[in-house]
Amino acid sequence: MSIDEKLLRKRERSAALMMWMAKRSSYNKSLLDKACRWAVNRATTLPPEEDFLRDPLIDNDQGFDPDELDRYQRGETG
Amino acid sequence: MPAAPPFDPQAIADAKFEEREVRPGVTTKRTICQTCDIACSVVAEVEKGRVVKIRSSDNPIFRDNICMKGIMAPKGLADPTRILQPLKRVGKRGSGEWEKVSWDEAISDIGQRLKAIIAKHGPEAWAVSTSQWNTATDHGLGRRIMNHVGSPNWISGVALCAGNTAAVNRFTYGWFPMGDFANTKCIVLMGHNPRRHSWTPMYNFIRQAQARGAKLIVTDPRRSSSAERADIWLPLKAGSDAAMMLGWLKVILDEELYDKKFVENWTIGFDDLRKRVDEYPLERVAKLTGCDPEMIAKAARMYATEGPSIIPWTPITDMQRNSTSGIRLQSILRSVCGYVDVPGGERLEGFNPDIINESTIEMHHVLSDAQKAKQLGSDQHPAFTYRGQEAFREPTKRVYGQEYANLIMGCHMATPSATFRAMAGQGPYPVKAFFFLGNNPLMSYANMPLIIDAMMNQDLIVAHEHFMTPSAQLADYILPGDSWLERPWLMDSFGWMSSVRPSEKAMEPPGECKSTFEFWKLLAGALDKPELVPWDRLEDFYDYRLEKTGMTFDQLVKKTDIYFAPPKFRQYEKKGFATPSGKVELKSSILEELGFDPLPYFREDPPVDPEYPLKLFTGVREDGFFQTGHRHIPEMRKRHPEPLLFVSPGTATQYHLAEDEWVEVENEMGKISIKVAIKDAMPDDLIRIPHGWWKPEMKQGAGHLSGALKYADAQLCRDDADYLDREQGIPHLKGVPCRINKVEQSEQSVAPASAMEPAE
Ligand code: SF4
């Protein structure tokens, strides 16, 4: 259905503002950047419990031991 | 995004939005994961010169974009079987006998042999198979060298996944759009199923959109996890996407739910489209798709009235007999509903004007018309070849400032099947040298038996690889490739989007592993064309590409995770669309000129052969793997120890199949061994075959190929005329006739034991 020109322009302005905030949020240096990051963060955060394919591998956020990786690379461990 | 909440400036100034704190001795690098083709922005933690952890970005716009493949990458890339030195074949092809050589020796011999092949058979006798998703630092340099040498025969898996979508989208409005997930009100997933561990950013986008009230429509024969949380799920017959969309259009046009103003001002061919759509009343569409007509109408209404809506790219429609019509129908739906280049719809972003793009680096203009005309497959299936895309040169220059736009690398490709036929000696001319980079071609295209013949018939095969893949086992040279942890990268989405993201190098490559950039630089030198890759280091090349931004690569890394210009909408109002008419071509002038039906249509399945009463679909990736990769990682194999055949309880009963039983799936092309998994989410008579199975621990070399001859789905993928899309020549992977053979108990006990046979 054809959309009202005024509404479309409003949506365009709002989308452009979002992109501008995302850009400043990515700089993350000045007070303004940080304000944008804060707002973007608030607007996009979803509670982890609402992740219906949640996986402990993601939640645990674990890494590796560098010496263990060395040994693994040398074929000394499985 | 909701209105900004009231805030305390001091709280923001003090907020810890910097990188998370890390343990002493650990540094961080902002990188882009290149384990699959999604390119998540992530953080690499480095300790003692090694990447020890991959975690998701601190930047909220990339938050949670991480999956288990990214997390396991430091271990997967430290695997003891990784190839760290160039290998040269010393026995017969496929004998598994190799000697270690230096890069200098290898490249010098490769250069001489390639020059001799070109001198004898012409430059078109050299074919390359790759894509830039994982090799990353190619940046079009491979095409640049091929264009200067004179070969048009570049093939890629993007021929049936995203690259072809980009090329076919151009027929309608001249570019490949990107859905605006952040503002959309309705998302349509056509068989696509983004998950926590697959297409993860899309999974997160969809969750966010649904959390703010967007609708979700899923068309999928299976009850996928996306289908389970959809507002409408249409369980259509596999491969009937185009018929479904013709049905949607019928409803949208009949009920006048389309954007009349846009259609009137910006499209051509509406009346012809309407006549074609009238051939598909809902009763017929219901029969073709197997879905309830009322539900089809409901979904069509939701798409047209809840908008702006998006139909994000889906690999499913890319891999069907009616792929061209299906992709065209998606673009036509977007257009008639007025969703093109508007917020919440599908943006035509164009190139980023500040960056030297890869299409420019490729220098397609230097390849002569005579050589372009030799591109394999372009005579019969021209859609994504030079011939099929030629008419875009002028309009693309008018709208996007340059003649060639090789979006997602998919707009100037040879067709894979025609290339393998020529390699096997069945083409219009011989192809005798075959290079593949970060690619396992034996298992990545249809008709694996043909590809084996093609490779066995080569004079020179060069692989740039991490591991001894089944394809690498047939090479003359295997050159060790670096990984995404070990190189910088400048990600420009292959022309699809106008944003650019930098990725930092996090550690040194092990052994003698080199980047694709270095590979092409060395090869250019060996072909006496060093001027084609004049930059000493990758970073110098990036500085050159970024010159107009006023920043070096290092400065860009320091400044931001992502670089983009402010978005502009409805750009077509200034320059029109990049099509010959300047309008959205509902009836494609280019397809008509090429001798094809200019309107979308639906070609039905050939009659059922009673020998093969079931249908299979393949091309599906499992969470732990990307395409044919990652079977060497113990944690991934623990999750997916064997290839699993998904079958409905009804079909299992009908064919007396038990859970965990080994069976054979067979069709006219070949057969594979696979283990049964009974899933009530599967419809009757349709089975699912996972993509890309081989087992690195199994016996290598010709006749074995590490289990690829036993498990690889490419052995079931046909490429005869009934199973190819007419316009593109890509295979139908969604609904291929097959049968299930029971195997004797004795074979059952043998199969798992041999599956774990160690490599020799
Ligand atoms: S989805 Fe996973 S594998 Fe793919 S880029 Fe993201 S983290 Fe890497």
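Helices and strands here are DSSP runs, at least four residues for a helix (H or I) and at least two for a strand (E), numbered from the N terminus. With that settled, Trp199(B) sits in the loop between β9 and α8 (200-211) of chain B. This is a predicted model, and I start with its backbone.

The phi of Trp199(B) is near 50°, a positive value in a residue that is not glycine. For context, most residues other than glycine have a negative phi, and most peptide bonds are trans. The second item is a cis peptide bond between Gly307(B) and Pro308(B), with omega about 10°. Pro308(B) belongs to the loop between α14 (293-305) and β13 of chain B.

Both loops border strands of one sheet, so to speak of order: which strands make up the open sheet, and in what order? There are four, running β11-β10-β9-β13 in chain B, with parallel pairing. At the edges are β11 (232-234) and β13 (309-310) of chain B, each pairing on one side only. Strand β9 (residues 186-190) of chain B is joined to β13(B) by two bridges, and the two run parallel. One residue pair to look at is Cys186(B), whose bridge partner in β13(B) is Ser309(B).

Next, the ligand. The residues around it are Cys33(B), Thr35(B), Cys36(B), Ala39(B), Cys40(B), Ile66(B), Cys67(B), Lys69(B), Gly70(B) and Thr200(B). By class, that shell holds six nonpolar residues, three polar and one charged.

Now the interface of chain B and chain A. Interface size is often given as the accessible area lost when the parts come together. Here the two chains bury about 5,900 Å² between them, 61% of it on carbon and sulfur atoms. Chain B puts 73 residues into the contact and chain A puts in 53.

How many salt bridges cross this interface? The rule finds seven between chain B and chain A. Take Arg570(B) with Glu5(A): their closest N and O atoms are 3.1 Å apart. There are also 21 residue pairs in polar contact between the chains, both residues at pLDDT 80 or more. On the side of chain B that touches chain A, the largest share comes from strand β3 (residues 50-56) of chain B, with five residues. That side of chain B divides into 39 nonpolar, nine polar and 25 charged residues.

Last, salt bridges in general. Side chains of opposite charge can pair when their charged atoms come close. Over all chains, a search of the whole structure finds 61 salt bridges. One that stays within chain B is Arg89(B) with Asp476(B), the closest N and O atoms being 2.6 Å apart. This pair links distant parts of the chain, 387 residues apart. Arg89(B) is in strand β4 (residues 87-89) of chain B, and Asp476(B) is in the loop between β16 (460-465) and β17 (477-480) of chain B.

Terms used. Residues numbered from 1 in each chain as written. Chains lettered and ligands numbered in written order. Predicted model: local features only at pLDDT ≥ 70, side-chain atom pairs only at ≥ 80, totals over all residues. Heavy atoms only, no water. Near = heavy atom within 4 Å. Nonpolar A, V, L, I, M, F, W, Y, C, P; charged D, E, K, R; others polar. Contact = heavy atoms within 4.5 Å. Buried area = accessible area lost by both parts, 1.4 Å probe. Salt bridge = Lys/Arg side-chain N within 4 Å of Asp/Glu carboxyl O. Polar contact = N/O pair within 3.5 Å; in protein donor to acceptor, adjacent residues only side chain to side chain. Pairing = 2+ DSSP bridges.
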